[in-house]
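Trainee: Could you take me through this one and tell me how each label is earned?
Mentor: Sure, pull it up and ask away.

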Amino acid sequence: MKVEHGIVGDQPEPGAPREGGMLTMASYTSITSLDPAKTPAMGSTGGTELAAIYDVLMRYDEDEGEFAPQLAESLDVSDDGLVSTLTLRDGVTFSNGDPLDARSVTWSIQRYNDSHGDGAQLWESMVQSVEATGPYTVVFTLRQPWSEFPAMLAAGHGMIVSPRSVAGEDFVPIGAGPFVLDRFAPHEKLELSARRDYWDGPPHLDSIRFVGLTGDSAKVEALNAGDVQLAYLRSPRVIRQARADDRAGYIQTYPLASVLMVNNSVGRPGGDVRVRRAIAQAIDLDAFNKRVDDGDGLPGAQIFPEWSPLHPDVEGIAYDPDSAAQLLDAAKRDGYDGHLSFLGVAAAKSQTTALAVQSMLQAVGFTVTLDLQASVADVIKKLNVDRDYDLSFSGISLPDAAPVNKLTRALRSTSDSNYLNYDNSEMDSLLSRLQSTDAGSAARRELLGELQNLVNDTVPFVALGAAPTFTLWSDRLYGVDPTIDSILLFGNAWIEP
């Protein structure tokens, strides 16, 4: 599959924006909570829905390759990189008419962290203080320079919730975004209507509806029939066909999107680095791609592939079944029984993945049993909460705009998102140094080479490859603004009749 980024596809040149109409989007999965502290702000998990209600302080400008103000007017960084000063736009209001000011921003961020929102621990480890120094000025004092700090203000922390949202017994979604809530049925649909007092002018659309459809092929069929105008796709086969037809939309290809998770805990099989390395060397990535993704995937053992601007020119762990068998035999001589359990979902593709991993590991001498749960929620509980697994399939999905934030959350020993239970002081130090380097710099690429070497040595996970996400849209839809992690902004969107 060809690697692509940004807005792609054949679409007629737009005329003047048209007013009115309802936009319907088939999301990747139905959102279950409209509280940003409870729903991770990514395109695949409800970030687009949340941004429509709350907007974001900063957004990622794909064309410029940098973060730009959105609800904010500016973000200024001190020469030493330790102080970031956020200036808000004067006159921005929440949907209930209250002003979005510095106090509401500091309150919302504190609530987000107190509620353990996605990325809260990373924030608290890197940010020393947050202070409202004026009606529309917020000063962030950092513990060390942090080049990817603006990315936090473009995601969950930057989705500002009105203090009045929690004035009653139940949470009420009051934000400063271009749309307000009409109807919300968790697991079914979300309906929003346009705000005529939105800070950037009234939206062109009258309303937006988000629906859940099962299967990427069904989403494409719904778009072709005119039932939806956007569809979030993750199937490599369906994406390849859509791009072969030069369909329009927004595509992002994420390094490390396919990962074999290994529980590194002492007492687990993966607590032995020999076992982890044997697992990695037993996986034939090309065969895995053919079996699981019909050959349409982007297999690779490197964290950042050759096509990535952050590629450090360091190879990943190579397929070597003979070495894998020898390592496993050595572990068995020391008392390991060779058994592994694979945690997954009892659904078609998950079962195909599990069976592919099982056959490759058993070919070098492992005994693998499948622990297939009834739902994704059951898997998440065992993997992320209980940490009760040996192996599982997941992804870390590194966005170009802020890859080190994701790596830090996945690999730092003290991170509450370190579901691998990986504990390595050298990695902690390396991640800290990476956070202080400028994006795209030679120094960052050099450190990423060190990181790849350390991953090769310690094998906290098995990299299986990159993968695209594609938000396919109707050729009558214009003005959609993408930002970080495949989140879309609809304040300027319109539909041609």
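What follows is a chat about helix packing, two backbone angles, cavities and a pocket.

Mentor: Before we start, this is a predicted model, so local features need pLDDT of at least 70 and side-chain atom pairs count only at pLDDT 80 or more, while totals for chains, interfaces and linings use all residues. Residues are numbered from 1 along each chain as its sequence is written, and side-chain values use heavy atoms, with hydrogens and water left out.

Trainee: Why are H13 and H14 called roughly antiparallel?
Mentor: Helices here are DSSP runs of H or I with at least four residues, strands are E runs of at least two, and both are numbered from the N terminus. Angles run from 0 to 180 degrees between N-to-C directions, with axes fitted to C-alpha atoms over the stretch in contact. Under 35 degrees is roughly parallel, over 145 roughly antiparallel, 65 to 115 roughly perpendicular, and the rest oblique. Helix H13 (residues 425-435) and helix H14 (residues 442-458) pack at about 160°, their axes 10 Å apart, so the pair counts as roughly antiparallel.

Trainee: Which residues of H13 and H14 meet?
Mentor: Contact means heavy atoms within 4.5 Å. Among those that meet are Met-427, Leu-430 and Leu-434 in H13 and Leu-447, Leu-451 and Val-455 in H14. By class, this contact has nine nonpolar, no polar and four charged residues. For the classes, Ala, Val, Leu, Ile, Met, Phe, Trp, Tyr, Cys and Pro are nonpolar, Asp, Glu, Lys and Arg are charged, and the others, Gly among them, are polar.

Trainee: What makes H8 roughly antiparallel to H10?
Mentor: Helix H8 (residues 285-293) packs on helix H10 (residues 348-362) at an angle of about 150°, with the axes 9 Å apart. That angle puts H8 and H10 in the roughly antiparallel class. Their contact includes Phe-288 and Val-292 of H8 and Leu-355 and Met-360 of H10. Its residues divide into seven nonpolar, three polar and three charged.

Trainee: What is notable about phi of Arg-387?
Mentor: Phi of Arg-387 is near 55°, a positive value in a residue other than glycine. Arg-387 sits in the loop between helix H11 (376-385) and strand E17 (391-394). Asn-421 also has phi near 55°, and its place is the loop between helix H12 (403-411) and H13.

Trainee: How do you know that something is a cavity and not a pocket?
Mentor: On a 1 Å grid over the protein atoms alone, a cavity is a set of points where a 1.4 Å probe fits but cannot get out; a pocket is an open set with protein on both sides within 12 Å along at least five of seven lines, and lining residues have an atom within 4 Å of a point. By this rule there are three cavities of 30 Å³ or more. The largest has a volume of about 220 Å³, and among the residues closest to its centre are Met-152, Arg-409 and Asp-485. H12 gives the most to that lining, with three residues.

Trainee: What classes line the second largest cavity?
Mentor: That lining has nine nonpolar, three polar and no charged residues. Ile-283, Phe-461 and Val-462 are among them.

Trainee: Which residues are closest to the centre of the second largest pocket?
Mentor: That pocket has a volume of about 700 Å³. Of its 34 lining residues, Tyr-60, Gly-65, Phe-67, Ala-401 and Ala-439 are the closest to its centre. The lining has 18 nonpolar, nine polar and seven charged residues.

Terms used:
Points joined across faces, edges and corners; volume = space filled by probe spheres on them.
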